[in-house]
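Hi,

Here is the structure I promised to pass on. Have a look at it first, and my notes follow underneath.

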Amino acid sequence: MGLLLTGGGARAAYQVGVLEAIAQIRRDCGQSHGANPFPILTGTSAGAINAAALACGADQFDHAVRKLARVWSHLHAENVYHADALSMLRSGARWLSMLSLGWALTRWRSVHPRSLLDNAPLATLLQSELVPLARLPTLVAQGHLRALSVTASSYSTGEHVSFYETHAQLQPWVRSQRRAVSGHISHAHLLASSAIPFIFPASPLDIDGHTEYFGDGSMRQTAPLAPAIHLGADRVLVIGAGRMQGPAENAAPLAPATYPTLAQIAGHTLSNIFLDALALDIERAQRVNATLTLIPPEARARSNLRTLELLVISPSQPLDAIAARHMAGLPRSMRTLLRTLGVTTDASDTRGAALASYLLFEPEYTRALMALGRRDTFARREEVIQFFGWHASAASTRASAPARRTRGNGRKNPATNPTPATSDASH
């Protein structure tokens, strides 16, 4: 069993709500005494941080989930990036000034802003309590965890790199413009994987005897499912951070049409980076699966092709609209900075909310996303139980009845149904 957690900045709080619900369903089915349900953990960007936190608590899954939930439900912007007025002047205002006055400022060598925001507080958070990576080698050696993989994108070479730590002898895979690197996962890998382009600074990593600078792993990620497949997963639960189908989240109806703000363009770009690749890879997996059904079983047995059962859980509601309702929770200095890009605090104006939805690390917003994640998962309780092979007791089934009624019209997203999917060769 593998778990794939995608990127999305503050949107990754939704993943924690899903994990809370899965842990509850697991307990209801009497499985809490068993081993870690996800021996293979893969993640990208903020999803890489969540995956690493789970990996470091692989011997106590429920405790690891509760710890993640506690951190995310009390998270503030200042825990992730410097949000005070002075820091905004040092990073954000200087960066925006470079855009407008770069022709003049380039004369002064000292003016080299690296990003819109400084994520130094995130490094402190990771090292202090959230991700105790010192435990990881022991947990892997003891068999609590088969593998952890986090992905990042190299600004130096243009390659997409999956860094993985495992006790098994596994040959790194190489594909067009992407490859895998075996070794110990560090906090620097997590910072690199979660370095949203332009927003957070690139992170240096030593690789093959030299230093390369890496940014968010969602960039140039053409096959999000690949690491889990290569690490040996037969079934993969994918938890997304955006709707898998339907109208674009940032496509608010405008009458009359107006020229897009910088925030709209930035939000559209981030949605492309974080959301589109996963949906495309799932569609590709379904097509490959359909092709595999045409191959005789005996011929398939002689190849390296294998089916993969896939379950995708993603938000049932647009997260942009939720972010728009919680804009006032951001620090004033951050609201001022975003206002220069076209983001307002008007809950009915979602044009700039897509950008804010990735940066809104505030309790009211993250708790709303976690609650949505729990509701979405409980609404699909039967699918979850079937996917894991658990058995629901009568008492737990009755207890979950109110959650099932939250399904609304009952229509299913075809991209999120369990399906045998793809093969090692295709990825």
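A definition before anything else: I call a residue buried when its relative accessible area is under 20%, exposed when that is over 50%, and partly exposed in between (1.4 Å probe, protein chains only). Helices (H or I, at least four residues) and strands (E, at least two) are DSSP runs, numbered from the N terminus.

Some housekeeping. This is a predicted model, so please read it as such: local features need pLDDT of at least 70, side-chain atom pairs count only at pLDDT 80 or more, and totals for chains, interfaces and linings use all residues. Residues are numbered from 1 along each chain as its sequence is written, and side-chain values use heavy atoms, with hydrogens and water left out.

The overall picture

The chain has 427 residues, and 55% of them are buried. I get 17 helices and 11 strands. Taking contacts (heavy atoms within 4.5 Å) with a separation of 6 or more, 79% are between residues 24 or more positions apart. The accessible surface is about 18,500 Å², with 54% of it belonging to carbon and sulfur atoms; those areas come from the Shrake-Rupley method with a 1.4 Å probe, and for residues only the protein chains shown count as cover.

The strands in the middle of my notes

Start with β2 (40–44). All 5 of its 5 residues are buried, so β2 is largely enclosed by the rest of the structure. In a regular strand the side chains alternate between the two faces of the sheet. Here both faces are covered: I40, T42 and T44 are buried on one side, and L41 and G43 are buried on the other.

What does β2 pair with? On one hand there is β1 (residues 2–5), which runs parallel to β2 and is joined to it by 4 bridges. Two strands count as paired if DSSP finds at least two bridges between them. L3 stands opposite L41, and L5 stands opposite G43. β2 also pairs in the parallel sense with β3 (residues 147–154), over 5 bridges, and there T42 stands opposite S149.

β1 has a second partner in β9 (residues 235–239), again parallel, over 4 bridges. The bridge partner of L4 in β9 is V238. β1 is covered too: G2 and L4 point one way, L3 and L5 the other way, and all are buried.

The annotated site

Which residues does UniProt list for "active site"? The entry, which is unreviewed, gives S45 and D216. Its positions are in the numbering used here, feature names are shortened, and annotations may be inferred rather than shown by experiment. The two span 172 residues in sequence, yet their C-alpha atoms are no more than 5.7 Å apart, so they gather at one spot. From this set, S45 is part of the lining of the largest cavity. A cavity here is a set of points, on a 1 Å grid over the protein atoms alone, where a 1.4 Å probe fits but cannot get out, and lining residues have an atom within 4 Å of a point.

S45 sits in the loop between β2 and α2 and counts as buried, at 1% relative accessibility. D216 belongs to strand β8 (residues 210–216) and is buried as well, with a relative accessible area of 0%. A polar contact of 2.7 Å joins their side chains; that term means a pair of N or O atoms within 3.5 Å where, within protein, one must be able to donate a hydrogen and the other to accept it, and residues adjacent in sequence count only if both atoms are side-chain atoms.

Leaving aside neighbours within four places in sequence, S45 is in contact with residues including G7, G8, S193, S194 and F274. With the same exclusion, the contacts of D216 include T44, S153, S193, S194 and F274.

On the other side of the S45 loop comes α2 (residues 46–55), a mostly covered helix with 10 of its 10 residues buried.

Two odd backbone angles

Most residues other than glycine have a negative phi, and most peptide bonds are trans. Q177 has a positive phi, near 60 degrees, and lies in the loop between β5 (174–175) and β6 (178–182). D208 also has a positive phi, near 55 degrees. D208 is in the loop between β7 (203–207) and β8, and it is exposed, with a relative accessible area of 55%.

Cheers

How values were computed. On a 1 Å grid over the protein atoms alone, a cavity is a set of points where a 1.4 Å probe fits but cannot get out, and a pocket is an open set with protein on both sides within 12 Å along at least five of seven lines; lining residues have an atom within 4 Å of a point.
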